[in-house]
Amino acid sequence: IGNTVLHVLVLQPNKTFACHMYSLILSYDRNKEGPGSLELIPNNEGLSPFKLAGVEGNTVMFQYLMQKRKQNLWSFGPLSTVLYDITEIDSWAEDQSFLELIVSTKKREARQILDLTPVKELVSLKWNMYGRPYFCFLALFYILYMVCFTMCCVYRPLKPRTGNRTSSRDNTVYVQKMLQESYVAYEDELRLVGELITVIGAVVILVLEIPDILRVGAAKYFGQTILGGPFHIIVITYACMILVTMVMRLTSTAGEVVPMSFALVLGWCNVMYFARGFQMLGPFTIMIQKMIFGDLMRFCWLMAVVILGFASAFYIIFQTENPENLGQFYNYPMSLFTTFELFLTIIDGPANYDVDLPFMYSVVYFAFAIIATLLMLNLLIAMMGDTHWRVAHEQDELWRAQVVATTVMLERKLPRCLWPRSGICGREFGLGDRWYLRIEDRVDPNKHKMMRYTEAFKAQDRDNYEKGSEKLETNGDTLCKKELSALSLSLSLSRSTSRTSSHRGWEILRRNT
């Protein structure tokens, strides 16, 4: 019951009341430091009160719990050293990491915790010491891997075509070699080495991605933009296309260019994932993802309806015309593609003015230009501009969340010998097996000195005012003009004295500044 009440208090809107009640309930806990403490018992979702405060974005409760767990090591003048308990914060050897819970939650308030002590210092330590070097090395290695795969595709085994053409529009001059003919020369052996590297890389990608999908869940793993959800879809699809190409090569099946071209596009687009390691480029990747999966997906439904309607109209209009004089609409699939190009203003109106054009072509093309170019394209630009404005206001916050997600990902993937645990073990200070992060804090003495002077001035003016009031009450019975004049004189003297003392205090303050 006590643990349930603690979890409920974390969710309370009155945060000050919740903190007082939380402390009151813990005062009756018999196992405050033991494994059976109320603070360590998780709820049905596996969250302790501390982790629940982070997931819900309750910054007041989070800071209150951190103040309870910190240890003052030493202080000397304005300098002080504090040990913060990071056992539940650190993602090292944690199945349900606190940092991963914060970046994966949909509440924006939770990401504000990433800017609080000691979370900010812990993430900065991990990223600067291990995360950034490993991530840059991984980016460089992936680019070299994609260059290797691209060279294998450019120099794929082809031979001249020997059969006759079956159509006047057939323009094929080279065909794919059979498996027995593909690896004969020395250049083929070099290409084979690159192909083996490509296939091994695809298998490694699947081995690394599939366990995370099973652990987190497909909906959460692919749906979170900060966790890199769309890029996980891209890299898994890329690996599958590589394996399909390998099977088609081994079975000498024609048409390997289809999965190979998809793999090239997806593999190079995945390079944008590594932009999250740079503060200048990281927010733009989130911006692109939100535009594609937000604005563009909604816009594509409207675009598909418009293209389908006008492509059908163009095909019907030119169905009776000679395709040699106007070949852009010679069949229905080509009409769809041509209308799509017209929609994006990639090409001009495909009209041959050397021949007579149908009258309805001018009417339909006029309506298409008004609806597609003037209305819908400007609507898309306005939608993307609104998304850019919203993301730009929180780009620093999003980049910090990206850094945390990348750090947690690298910490899970890399072996323990390459990523040691951050912080200090509590045994060094007699604090048990919990881990702590040492943070040095410097207090600005000028700020505290100014506060002391201000309080002194207020107290002195208050004392003078109270003395004057007491004199008024004492002499209130005898309302003589002499006494009133004397009282006014004493009040003016006290005000002048107060003014003089205040002036003296501000002179001291000015000299110190």
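1. A good place to start is Ser80, which stands opposite Asp441 in strand E6. Keep in mind as you look that this is a predicted model. The wider setting is the pairing of strand E2 (residues 79-85) with strand E6 (residues 435-442), which is antiparallel and runs over 7 bridges.

2. Helix H4 (residues 59-69) packs on this sheet and touches E1, E2 and E6. The direction of H4 makes about 105° with that of E2.

3. Now for the sheet as a whole: 4 strands, in the order E1-E2-E6-E5, make up an open sheet with antiparallel pairing. At its edges stand E1 (71-76) and E5 (424-425); each has a single partner strand, so one side of each lacks a neighbour in the sheet.

4. Next, the interior. In soluble globular proteins, nonpolar side chains tend to be buried together. Here the largest nonpolar core has 59 residues, and Phe62, Ile89, Phe98, Leu99, Val119 and Tyr238 have the most contacts inside it. Helix H7 (residues 119-154) supplies the largest share of this core, 12 residues.

5. Where does this core lie with respect to domain 1 and domain 2? Domain 1 (5-115 + 423-445) and domain 2 (125-162 + 174-277) both give residues to the core, so it lies between them.

6. Phe62 is worth a click in your viewer. Setting aside neighbours within four places in sequence, Phe62 is in contact with Phe50, Ala53, Ile89, Phe98, Ile113, Leu116, Thr117 and Val119.

7. Finally, another core lies apart from the largest one. This other core has 18 residues, including Phe310, Phe314, Met376 and Leu380.

Notes: Residues are numbered from 1 along each chain as its sequence is written. This is a predicted model: local features need pLDDT of at least 70, side-chain atom pairs count only at pLDDT 80 or more; totals for chains, interfaces and linings use all residues. Side-chain values use heavy atoms; hydrogens and water are left out. Two strands pair if DSSP finds at least two bridges between them. Helices (H or I, at least four residues) and strands (E, at least two) are DSSP runs, numbered from the N terminus. Contact means heavy atoms within 4.5 Å. Axes are lines fitted to C-alpha atoms, for helices over the stretch in contact, and angles run from 0 to 180 degrees between N-to-C directions. A nonpolar core is a set of buried Ala, Val, Leu, Ile, Met, Phe, Trp, Tyr and Cys residues joined through side-chain atoms within 4.5 Å. Buried means under 20% relative accessible area, exposed over 50%, partly exposed in between (1.4 Å probe, protein chains only). Domain bounds come from an automatic or database domain assignment.
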